[in-house]
Amino acid sequence: MNKKYEFETEAIRTQLERSQFLEHSAPLYLTSSFVFEDAEDMRASFAEEKERNIYSRYSNPNSSEFIEKVCKMEGAEDGFAFASGMAAVFSTLAALLNSGDHIISARSVFGSTHSLFTNFFPKWNISHSFFKIDELHTIEEMVTPRTKILYAETPTNPGVDVLDLEELGKIAKKHNLILIIDNCFASPYLQQPIKFGADLVIHSGTKLMDGQGRVLAGITVGSSELVDKVYRFSRITGPALSPFNAWVLSKSLETLALRVDRHCENALKLAQYLEQHQKVNWVKYPFLKSHPKFEIAKKQMKAGGCVVAFEVKGGLEEGRKFFDAIQLLSLSANLGDSRSIVTHPASTTHSKLSAEERASVGISDGSVRISVGLENINDIIQDIEQALG
Ligand SMILES: *Cc1c(COP(=O)(O)O)cnc(C)c1O
(Lines give C-alpha, C1' and ligand atoms only; values in the text may rest on other atoms or scores of the structure.)
Protein backbone atom coordinates (compact mmCIF):
# COMPACT_ATOMS: atom_id res chain seq x y z
CA MET A 1 0.00 0.00 0.00
CA ASN A 2 1.68 3.23 -1.10
CA LYS A 3 1.82 5.99 1.47
CA LYS A 4 1.83 9.49 0.06
CA TYR A 5 1.29 11.67 3.14
CA GLU A 6 2.27 11.65 6.82
CA PHE A 7 0.56 9.27 9.28
CA GLU A 8 -2.13 11.69 10.51
CA THR A 9 -3.02 12.81 6.99
CA GLU A 10 -3.35 9.27 5.64
CA ALA A 11 -5.50 8.36 8.67
CA ILE A 12 -7.94 11.09 7.68
CA ARG A 13 -7.67 11.22 3.90
CA THR A 14 -7.59 7.52 3.02
CA GLN A 15 -11.17 7.18 1.94
CA LEU A 16 -13.48 5.27 -0.39
CA GLU A 17 -14.19 6.81 -3.75
CA ARG A 18 -17.13 9.22 -3.53
CA SER A 19 -20.52 7.92 -4.65
CA GLN A 20 -22.81 9.86 -7.01
CA PHE A 21 -24.04 11.83 -3.94
CA LEU A 22 -20.63 13.46 -3.44
CA GLU A 23 -20.66 12.88 0.32
CA HIS A 24 -17.75 14.38 2.30
CA SER A 25 -17.52 11.63 4.91
CA ALA A 26 -17.52 7.97 3.78
CA PRO A 27 -21.02 6.41 3.94
CA LEU A 28 -21.95 3.11 5.56
CA TYR A 29 -22.43 0.22 3.09
CA LEU A 30 -24.69 -1.93 5.21
CA THR A 31 -25.25 -4.61 2.61
CA SER A 32 -24.62 -8.34 2.66
CA SER A 33 -24.20 -8.72 -1.10
CA PHE A 34 -23.53 -6.77 -4.31
CA VAL A 35 -25.20 -6.99 -7.73
CA PHE A 36 -23.80 -7.89 -11.14
CA GLU A 37 -24.34 -6.12 -14.46
CA ASP A 38 -25.01 -9.31 -16.42
CA ALA A 39 -24.11 -13.00 -16.69
CA GLU A 40 -20.62 -12.28 -17.99
CA ASP A 41 -19.88 -9.82 -15.15
CA MET A 42 -21.04 -12.43 -12.65
CA ARG A 43 -18.90 -15.19 -14.19
CA ALA A 44 -15.80 -12.98 -14.40
CA SER A 45 -16.26 -11.79 -10.80
CA PHE A 46 -16.48 -15.31 -9.40
CA ALA A 47 -13.54 -16.38 -11.54
CA GLU A 48 -11.58 -13.54 -9.85
CA GLU A 49 -10.80 -11.99 -13.22
CA LYS A 50 -11.82 -8.65 -11.74
CA GLU A 51 -11.41 -7.23 -8.28
CA ARG A 52 -14.82 -6.24 -6.94
CA ASN A 53 -17.18 -6.81 -4.05
CA ILE A 54 -19.34 -9.94 -4.27
CA TYR A 55 -20.48 -10.73 -0.75
CA SER A 56 -19.61 -9.06 2.58
CA ARG A 57 -18.15 -12.27 4.02
CA TYR A 58 -15.40 -11.81 1.39
CA SER A 59 -15.11 -8.02 1.25
CA ASN A 60 -17.12 -4.85 1.78
CA PRO A 61 -16.25 -1.22 0.96
CA ASN A 62 -16.19 -0.17 4.64
CA SER A 63 -13.86 -3.03 5.56
CA SER A 64 -11.66 -2.18 2.57
CA GLU A 65 -11.32 1.42 3.72
CA PHE A 66 -10.39 0.30 7.24
CA ILE A 67 -7.86 -2.23 5.87
CA GLU A 68 -6.29 0.32 3.53
CA LYS A 69 -5.77 2.77 6.41
CA VAL A 70 -4.15 0.17 8.64
CA CYS A 71 -1.92 -1.06 5.79
CA LYS A 72 -0.65 2.48 5.25
CA MET A 73 -0.09 2.94 8.99
CA GLU A 74 1.83 -0.34 9.35
CA GLY A 75 3.66 -0.20 6.01
CA ALA A 76 1.91 -3.41 4.91
CA GLU A 77 0.97 -4.62 1.44
CA ASP A 78 -2.45 -6.05 2.21
CA GLY A 79 -4.79 -7.10 5.01
CA PHE A 80 -8.02 -8.74 6.12
CA ALA A 81 -10.44 -7.45 8.77
CA PHE A 82 -12.08 -9.66 11.39
CA ALA A 83 -15.01 -9.56 13.81
CA SER A 84 -12.65 -9.56 16.83
CA GLY A 85 -8.96 -9.64 17.69
CA MET A 86 -9.20 -13.32 18.55
CA ALA A 87 -10.86 -14.09 15.20
CA ALA A 88 -7.80 -12.45 13.63
CA VAL A 89 -5.36 -14.46 15.77
CA PHE A 90 -7.12 -17.79 15.21
CA SER A 91 -7.86 -17.39 11.51
CA THR A 92 -4.37 -16.15 10.69
CA LEU A 93 -2.69 -19.05 12.45
CA ALA A 94 -5.19 -21.65 11.21
CA ALA A 95 -4.74 -20.43 7.62
CA LEU A 96 -0.96 -20.86 7.79
CA LEU A 97 -0.50 -24.00 9.90
CA ASN A 98 -0.85 -27.69 9.03
CA SER A 99 -1.23 -30.67 11.31
CA GLY A 100 2.22 -31.49 12.72
CA ASP A 101 3.49 -27.92 12.61
CA HIS A 102 5.10 -26.17 15.56
CA ILE A 103 4.85 -22.58 16.87
CA ILE A 104 7.38 -20.80 19.05
CA SER A 105 5.75 -18.08 21.11
CA ALA A 106 6.53 -15.77 23.97
CA ARG A 107 4.98 -17.15 27.16
CA SER A 108 3.46 -13.76 27.95
CA VAL A 109 0.76 -13.48 25.35
CA PHE A 110 -2.89 -12.47 25.62
CA GLY A 111 -4.82 -14.99 27.76
CA SER A 112 -7.06 -16.30 24.96
CA THR A 113 -4.08 -16.65 22.60
CA HIS A 114 -2.25 -18.63 25.31
CA SER A 115 -5.32 -20.84 25.66
CA LEU A 116 -5.51 -21.34 21.88
CA PHE A 117 -1.92 -22.66 21.87
CA THR A 118 -2.26 -24.85 24.97
CA ASN A 119 -5.90 -26.08 24.89
CA PHE A 120 -7.06 -26.09 21.27
CA PHE A 121 -4.17 -26.39 18.79
CA PRO A 122 -3.09 -29.75 20.27
CA LYS A 123 -6.45 -31.13 19.01
CA TRP A 124 -5.14 -30.57 15.47
CA ASN A 125 -1.65 -31.80 16.33
CA ILE A 126 -0.18 -28.29 16.29
CA SER A 127 2.41 -27.98 19.05
CA HIS A 128 4.09 -25.00 20.69
CA SER A 129 7.13 -24.02 22.74
CA PHE A 130 7.13 -20.95 24.96
CA PHE A 131 10.17 -18.76 25.52
CA LYS A 132 10.59 -16.36 28.42
CA ILE A 133 10.56 -12.72 27.41
CA ASP A 134 14.05 -12.20 28.88
CA GLU A 135 15.50 -15.22 27.11
CA LEU A 136 15.32 -14.58 23.39
CA HIS A 137 18.56 -16.57 23.03
CA THR A 138 16.62 -19.76 23.85
CA ILE A 139 14.42 -19.41 20.77
CA GLU A 140 16.98 -20.89 18.40
CA GLU A 141 17.28 -24.02 20.55
CA MET A 142 13.52 -24.56 20.20
CA VAL A 143 13.45 -24.53 16.40
CA THR A 144 12.53 -27.91 14.85
CA PRO A 145 12.10 -28.87 11.18
CA ARG A 146 8.34 -28.36 11.68
CA THR A 147 8.58 -24.90 13.27
CA LYS A 148 6.71 -22.48 11.05
CA ILE A 149 5.80 -19.45 13.13
CA LEU A 150 7.47 -17.18 15.68
CA TYR A 151 4.82 -15.29 17.65
CA ALA A 152 5.04 -12.44 20.18
CA GLU A 153 3.41 -9.32 21.61
CA THR A 154 5.16 -6.18 22.77
CA PRO A 155 4.53 -4.45 25.12
CA THR A 156 3.12 -7.49 26.88
CA ASN A 157 -0.12 -7.78 28.82
CA PRO A 158 -0.38 -7.26 31.77
CA GLY A 159 3.33 -7.18 32.69
CA VAL A 160 4.17 -4.31 30.30
CA ASP A 161 7.46 -5.96 29.35
CA VAL A 162 9.14 -5.08 26.07
CA LEU A 163 10.60 -7.52 23.53
CA ASP A 164 13.30 -6.53 21.04
CA LEU A 165 11.56 -6.62 17.64
CA GLU A 166 14.81 -6.26 15.70
CA GLU A 167 16.23 -9.32 17.46
CA LEU A 168 13.05 -11.34 16.80
CA GLY A 169 13.19 -10.28 13.15
CA LYS A 170 16.77 -11.54 12.82
CA ILE A 171 15.98 -14.91 14.43
CA ALA A 172 12.91 -15.40 12.23
CA LYS A 173 14.87 -14.58 9.09
CA LYS A 174 17.77 -16.87 9.99
CA HIS A 175 15.46 -19.86 10.53
CA ASN A 176 12.96 -19.01 7.81
CA LEU A 177 10.08 -18.60 10.27
CA ILE A 178 7.01 -16.42 9.74
CA LEU A 179 7.23 -13.68 12.37
CA ILE A 180 3.80 -12.61 13.62
CA ILE A 181 3.50 -9.69 16.05
CA ASP A 182 0.33 -8.78 17.96
CA ASN A 183 0.78 -4.99 17.96
CA CYS A 184 -2.41 -4.15 19.79
CA PHE A 185 -0.81 -2.66 22.92
CA ALA A 186 1.26 -0.16 20.96
CA SER A 187 -1.12 0.64 18.08
CA PRO A 188 0.33 1.33 14.62
CA TYR A 189 0.93 4.94 15.67
CA LEU A 190 3.59 4.01 18.23
CA GLN A 191 5.23 1.00 16.62
CA GLN A 192 5.42 -0.63 13.17
CA PRO A 193 6.81 -4.17 13.53
CA ILE A 194 7.15 -4.72 9.76
CA LYS A 195 10.08 -2.28 9.80
CA PHE A 196 11.88 -4.72 12.11
CA GLY A 197 11.15 -7.82 10.05
CA ALA A 198 7.63 -8.93 11.02
CA ASP A 199 5.80 -10.75 8.21
CA LEU A 200 2.33 -10.25 9.65
CA VAL A 201 0.95 -7.81 12.22
CA ILE A 202 -2.25 -8.51 14.14
CA HIS A 203 -4.41 -6.03 16.02
CA SER A 204 -7.42 -6.22 18.24
CA GLY A 205 -9.26 -3.17 16.89
CA THR A 206 -11.31 -3.30 20.08
CA LYS A 207 -8.57 -1.53 22.02
CA LEU A 208 -6.78 1.70 20.97
CA MET A 209 -8.05 1.59 17.39
CA ASP A 210 -11.69 2.07 18.37
CA GLY A 211 -10.51 3.75 21.54
CA GLN A 212 -13.97 4.35 22.91
CA GLY A 213 -14.99 0.89 24.02
CA ARG A 214 -17.77 0.47 21.47
CA VAL A 215 -16.99 -2.26 18.94
CA LEU A 216 -15.10 -5.53 18.70
CA ALA A 217 -12.78 -5.90 15.73
CA GLY A 218 -9.52 -7.44 14.55
CA ILE A 219 -7.18 -7.09 11.61
CA THR A 220 -4.18 -8.85 10.11
CA VAL A 221 -1.86 -7.00 7.73
CA GLY A 222 1.44 -7.88 6.08
CA SER A 223 2.86 -9.40 2.91
CA SER A 224 0.37 -9.96 0.07
CA GLU A 225 1.42 -13.58 -0.24
CA LEU A 226 0.62 -14.45 3.38
CA VAL A 227 -2.48 -12.24 3.56
CA ASP A 228 -3.85 -14.02 0.49
CA LYS A 229 -3.69 -17.33 2.39
CA VAL A 230 -5.45 -15.73 5.35
CA TYR A 231 -8.08 -14.27 3.01
CA ARG A 232 -8.77 -17.62 1.27
CA PHE A 233 -9.26 -19.37 4.61
CA SER A 234 -11.36 -16.56 6.09
CA ARG A 235 -13.73 -16.00 3.18
CA ILE A 236 -14.75 -19.65 3.54
CA THR A 237 -14.88 -19.85 7.34
CA GLY A 238 -16.64 -16.51 7.93
CA PRO A 239 -14.94 -14.46 10.67
CA ALA A 240 -15.39 -11.21 8.67
CA LEU A 241 -15.82 -7.81 10.30
CA SER A 242 -19.30 -6.26 10.01
CA PRO A 243 -19.56 -3.20 7.71
CA PHE A 244 -20.97 -1.15 10.59
CA ASN A 245 -18.02 -1.88 12.88
CA ALA A 246 -15.60 -1.22 10.01
CA TRP A 247 -17.25 2.17 9.44
CA VAL A 248 -16.97 3.03 13.17
CA LEU A 249 -13.32 1.99 13.21
CA SER A 250 -12.32 3.88 10.12
CA LYS A 251 -13.71 7.06 11.71
CA SER A 252 -11.88 6.24 14.96
CA LEU A 253 -8.58 5.94 13.13
CA GLU A 254 -8.92 9.57 12.03
CA THR A 255 -8.17 10.57 15.64
CA LEU A 256 -5.78 7.72 16.56
CA ALA A 257 -2.63 9.87 16.61
CA LEU A 258 -4.26 12.62 18.69
CA ARG A 259 -5.76 10.18 21.16
CA VAL A 260 -2.69 8.01 21.56
CA ASP A 261 -0.50 11.09 22.13
CA ARG A 262 -2.73 12.07 25.05
CA HIS A 263 -2.97 8.49 26.38
CA CYS A 264 0.84 8.33 26.46
CA GLU A 265 1.22 11.77 28.04
CA ASN A 266 -1.24 10.86 30.81
CA ALA A 267 0.27 7.39 31.31
CA LEU A 268 3.80 8.75 31.69
CA LYS A 269 2.62 11.34 34.24
CA LEU A 270 0.78 8.66 36.21
CA ALA A 271 3.80 6.32 36.09
CA GLN A 272 6.09 9.10 37.37
CA TYR A 273 3.62 9.91 40.14
CA LEU A 274 3.35 6.25 41.23
CA GLU A 275 7.12 5.79 41.17
CA GLN A 276 7.55 8.17 44.10
CA HIS A 277 4.53 6.87 46.08
CA GLN A 278 5.40 5.17 49.38
CA LYS A 279 2.60 2.58 49.12
CA VAL A 280 3.86 1.33 45.75
CA ASN A 281 6.57 -1.36 45.47
CA TRP A 282 7.36 -0.97 41.79
CA VAL A 283 6.01 0.64 38.62
CA LYS A 284 6.43 -0.61 35.07
CA TYR A 285 6.01 1.64 32.06
CA PRO A 286 8.12 1.33 28.89
CA PHE A 287 9.15 5.00 28.85
CA LEU A 288 10.24 5.17 32.51
CA LYS A 289 14.04 5.12 32.79
CA SER A 290 13.67 2.42 35.45
CA HIS A 291 12.05 0.01 32.95
CA PRO A 292 14.51 -2.83 32.29
CA LYS A 293 13.97 -2.47 28.52
CA PHE A 294 13.84 1.34 28.38
CA GLU A 295 16.49 1.50 25.61
CA ILE A 296 14.70 -1.06 23.45
CA ALA A 297 11.36 0.68 24.01
CA LYS A 298 12.96 3.95 22.85
CA LYS A 299 14.38 2.23 19.78
CA GLN A 300 11.12 0.72 18.56
CA MET A 301 8.31 2.85 20.05
CA LYS A 302 7.36 6.48 19.57
CA ALA A 303 6.02 6.68 23.17
CA GLY A 304 5.22 4.28 26.01
CA GLY A 305 1.56 3.40 25.36
CA CYS A 306 -1.51 3.61 27.58
CA VAL A 307 -0.85 0.81 30.09
CA VAL A 308 0.92 1.22 33.43
CA ALA A 309 1.50 -1.70 35.81
CA PHE A 310 2.41 -1.37 39.46
CA GLU A 311 2.36 -3.31 42.73
CA VAL A 312 0.52 -2.15 45.81
CA LYS A 313 2.37 -2.89 49.04
CA GLY A 314 0.66 -5.57 51.11
CA GLY A 315 -0.30 -8.08 48.40
CA LEU A 316 -3.79 -9.41 47.71
CA GLU A 317 -5.49 -7.87 50.76
CA GLU A 318 -4.25 -4.33 50.14
CA GLY A 319 -4.87 -4.80 46.40
CA ARG A 320 -8.56 -5.58 47.11
CA LYS A 321 -8.91 -2.56 49.40
CA PHE A 322 -7.42 -0.39 46.68
CA PHE A 323 -9.94 -1.66 44.13
CA ASP A 324 -12.90 -1.18 46.46
CA ALA A 325 -11.86 2.42 47.12
CA ILE A 326 -11.60 3.41 43.43
CA GLN A 327 -14.37 5.86 42.48
CA LEU A 328 -13.74 7.45 39.08
CA LEU A 329 -11.80 4.74 37.23
CA SER A 330 -13.75 1.77 35.85
CA LEU A 331 -13.20 -1.77 37.06
CA SER A 332 -13.40 -3.41 33.65
CA ALA A 333 -11.58 -5.86 31.39
CA ASN A 334 -10.95 -3.64 28.38
CA LEU A 335 -8.00 -1.34 27.62
CA GLY A 336 -7.17 1.51 25.29
CA ASP A 337 -10.51 3.18 26.08
CA SER A 338 -11.05 6.93 26.57
CA ARG A 339 -12.15 5.99 30.11
CA SER A 340 -9.36 4.91 32.47
CA ILE A 341 -9.68 1.30 33.53
CA VAL A 342 -8.14 -0.52 36.45
CA THR A 343 -7.80 -4.30 36.67
CA HIS A 344 -6.41 -6.81 39.13
CA PRO A 345 -4.97 -9.61 36.97
CA ALA A 346 -4.38 -12.08 39.85
CA SER A 347 -8.07 -12.28 40.81
CA THR A 348 -9.58 -11.78 37.32
CA THR A 349 -8.00 -12.35 33.89
CA HIS A 350 -5.21 -14.58 35.23
CA SER A 351 -7.02 -16.22 38.17
CA LYS A 352 -7.01 -19.62 36.41
CA LEU A 353 -3.21 -19.70 36.40
CA SER A 354 -1.26 -21.04 39.38
CA ALA A 355 0.70 -18.48 41.45
CA GLU A 356 3.85 -19.90 39.83
CA GLU A 357 2.51 -19.49 36.30
CA ARG A 358 1.41 -15.97 37.18
CA ALA A 359 4.88 -15.15 38.45
CA SER A 360 6.38 -16.45 35.19
CA VAL A 361 4.39 -13.87 33.23
CA GLY A 362 5.16 -11.09 35.67
CA ILE A 363 1.99 -10.96 37.79
CA SER A 364 2.09 -10.86 41.58
CA ASP A 365 -0.91 -10.83 43.96
CA GLY A 366 -0.61 -7.07 44.41
CA SER A 367 -0.16 -6.28 40.70
CA VAL A 368 -2.48 -3.62 39.32
CA ARG A 369 -2.86 -2.75 35.65
CA ILE A 370 -4.16 0.63 34.64
CA SER A 371 -5.21 1.53 31.13
CA VAL A 372 -4.81 5.27 31.32
CA GLY A 373 -7.63 7.10 29.54
CA LEU A 374 -8.23 10.59 28.26
CA GLU A 375 -9.75 12.18 31.37
CA ASN A 376 -7.83 15.09 32.90
CA ILE A 377 -4.69 13.57 34.46
CA ASN A 378 -5.27 15.44 37.72
CA ASP A 379 -8.58 13.62 38.24
CA ILE A 380 -7.00 10.25 37.39
CA ILE A 381 -4.17 10.80 39.87
CA GLN A 382 -6.52 12.11 42.55
CA ASP A 383 -8.69 8.97 42.37
CA ILE A 384 -5.65 6.70 42.66
CA GLU A 385 -4.22 8.86 45.46
CA GLN A 386 -7.37 8.57 47.59
CA ALA A 387 -7.69 4.82 46.86
CA LEU A 388 -4.08 4.15 47.90
CA GLY A 389 -4.80 6.12 51.05
C1 LIG B 1 -7.77 -7.81 23.53
C2 LIG B 1 -6.60 -8.45 22.92
C3 LIG B 1 -6.75 -9.48 21.97
C4 LIG B 1 -8.10 -10.03 21.58
O5 LIG B 1 -8.92 -9.09 20.99
P6 LIG B 1 -10.53 -9.16 21.04
O7 LIG B 1 -10.92 -8.04 20.15
O8 LIG B 1 -10.94 -9.01 22.46
O9 LIG B 1 -10.91 -10.50 20.50
C10 LIG B 1 -5.61 -10.00 21.40
N11 LIG B 1 -4.38 -9.58 21.75
C12 LIG B 1 -4.20 -8.60 22.66
C13 LIG B 1 -2.82 -8.17 23.01
C14 LIG B 1 -5.30 -8.00 23.28
O15 LIG B 1 -5.11 -7.05 24.19
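Select Ser204 and the ligand. In this predicted model, an N or O atom in the Ser204 side chain is 2.8 Å from an oxygen atom of the ligand. Next, add Thr206, where a polar side-chain atom lies 2.6 Å from an oxygen atom of the ligand. Then show the backbone of Met86: one of its N or O atoms is 2.8 Å from a ligand oxygen.

To see the rest of the surroundings, display the residues around the ligand, which include Ser84, Gly85, Phe110, Glu153, Asp182, Cys184, Phe185, Lys207 and Ala217.

Return to Ser204 and switch to a cartoon view. The bridge partner of Ser204 is Gly218 in β7. Select residues 200–204 and 218–222: these are strands β6 and β7, which run antiparallel and are joined by 5 bridges.

Now widen the selection to the whole sheet. It is open and has 7 strands, with mixed pairing, in the order β1-β7-β6-β5-β4-β2-β3. Colour 78–82 and 127–131 to mark the edge strands, β1 and β3, each of which pairs on one side only. From one strand to the next, the twist averages 20°.

Two helices on this sheet are worth selecting. Helix α7, residues 165–174, packs on the sheet and touches β3, β4 (147–153) and β5 (178–182). The direction of α7 makes about 155° with that of β5. Helix α3 lies across β1, β6 and β7, and runs at about 50° to β7.

Keep α3 (61–74) on screen and add α10 (243–253). The two helices pack at an angle of about 35°, and their axes are 8 Å apart. The crossing of α3 past α10 is left-handed. Show side chains here: Asn62, Ser63, Glu65, Phe66, Lys69, Val70 and Met73 of α3 meet Pro243, Ala246, Trp247, Leu249, Ser250 and Leu253 of α10. By type, the residues of this contact are 8 nonpolar, 3 polar and 2 charged.

Finally, go to another sheet. This open sheet has 5 strands in the order β8-β9-β12-β11-β10, and its pairing is mixed. Select 280–284 and 330–331 for the edge strands β8 and β10, each paired on one side only. β10 runs parallel to β11 (341–343), and 2 bridges join them. Look for Ser330, which stands opposite Ile341 in β11.

End with helix α13, residues 315–325. α13 packs on this sheet, touching β9 (307–312), β10, β11 and β12 (367–371). The helix direction makes about 125° with that of β9.

Note on methods: Residues numbered from 1 in each chain as written. Predicted model: local features only at pLDDT ≥ 70, side-chain atom pairs only at ≥ 80, totals over all residues. Heavy atoms only, no water. Axes fitted to C-alpha atoms, helices over the stretch in contact; angles between N-to-C directions. Helix = DSSP H or I, 4+ residues; strand = E, 2+ residues; numbered from the N terminus. Left-handed = near helix turned anticlockwise from the far one by under 90°. Contact = heavy atoms within 4.5 Å. Nonpolar A, V, L, I, M, F, W, Y, C, P; charged D, E, K, R; others polar. Pairing = 2+ DSSP bridges. Near = heavy atom within 4 Å. Polar contact = N/O pair within 3.5 Å; in protein donor to acceptor, adjacent residues only side chain to side chain.
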